[in-house]
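Subject: Structure for your review

Dear colleague,

Please find below the structure I would like to hand over to you. My notes on what was found in it follow directly after.

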Amino acid sequence: MSEAIDEGGVTPAARMGKAISRGVIIGIPACLVVLTLGVWLITDLDVFDSFAAAALPGVLLGGFAGGFAGTAMTMD
C-alpha cells in the first residue's frame, strides 16, 4: 500500500511525526514549569525540591499531552 504524497512532497506519516515531535518539544517544558510552580505553591518545599518532585510527572505528562496534541493537529 503506498501513501499519498502531498503537494510539497511530504508523506502524511512524515507530517504526523513532525507534529508529534513539535508537540512533545513544547509540552515537556510547559508541564515541567506548571507542575513545579504548582508543587512549590501548594507545599512548603523550596524551588529545587519542587522541581525534583515534578520532574518525572512533568516529563511523562508533557510527552503524553504533546504527542496527543500533535496527533490532534494532523487530523483532517
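Beyond its neighbours within four places in sequence, S50 is in contact with T36, V39, W40, T43 and L45. Please note that this is a predicted model. S50 belongs to helix α2, which covers residues 47-73. Its relative accessible area is 0%, so S50 is classed as buried, the limit for that class being under 20%. A further distance may help you to place the residue: between the C-alpha atoms of S50 and L37 there are 7.6 Å in space, with the two positions 13 residues apart in sequence.

L37 also takes part in a surface feature. Together with V33, W40, L41, I42 and V47, L37 makes a nonpolar surface patch of about 630 Å². Helix α1 (residues 12-42) supplies the largest share of this patch, namely 5 residues. V47, another member of the patch, lies in helix α2. With a relative accessible area of 40%, V47 counts as partly exposed, whereas S50 in the same helix is buried. W40 appears in both settings, as a contact of S50 and as a member of the patch.

As for helix α1 itself, the distance between its end C-alpha atoms is consistent with its length. Its 31 residues, at 1.5 Å a residue, should span 45 Å, and the end C-alpha atoms lie 43 Å apart, which agrees. The buried residues of α1 are A19, G23, G27, C31, L32 and T36, and they pack against α2. One of them, T36, is also among the contacts of S50.

How many aromatic pairs does a search of the whole structure find? The search finds 1. The pair consists of F64 and F68: the ring centres are 6.5 Å apart and the planes meet at 20°, so the pair is stacked, as planes under 30 degrees apart are counted. The two residues are 4 apart in helix α2, and therefore about one helical turn separates them. In general, an α-helix has 3.6 residues a turn, so residues three or four places apart point the same way. Are F64 and F68 buried or exposed? F64 is exposed, at a relative accessible area of 61%, and F68, at 57%, is likewise counted as exposed.

With kind regards

Methods:
Residues numbered from 1 in each chain as written. Predicted model: local features only at pLDDT ≥ 70, side-chain atom pairs only at ≥ 80, totals over all residues. Heavy atoms only, no water. Buried < 20%, exposed > 50% of the residue type's maximum accessible area, 1.4 Å probe, protein only. Contact = heavy atoms within 4.5 Å. Patch = residues over 30% accessible without salt bridge, like charges linked within 9 Å, V, L, I, M, F, W, Y side chains within 5 Å. Areas by Shrake-Rupley, 256 points an atom, 1.4 Å probe, with all protein chains shown as cover. Salt bridge = Lys/Arg side-chain N within 4 Å of Asp/Glu carboxyl O. Phe/Tyr/Trp six-rings, centres within 6.5 Å; stacked < 30°, edge-to-face > 60°. Expected span 1.5 Å × (residues − 1).
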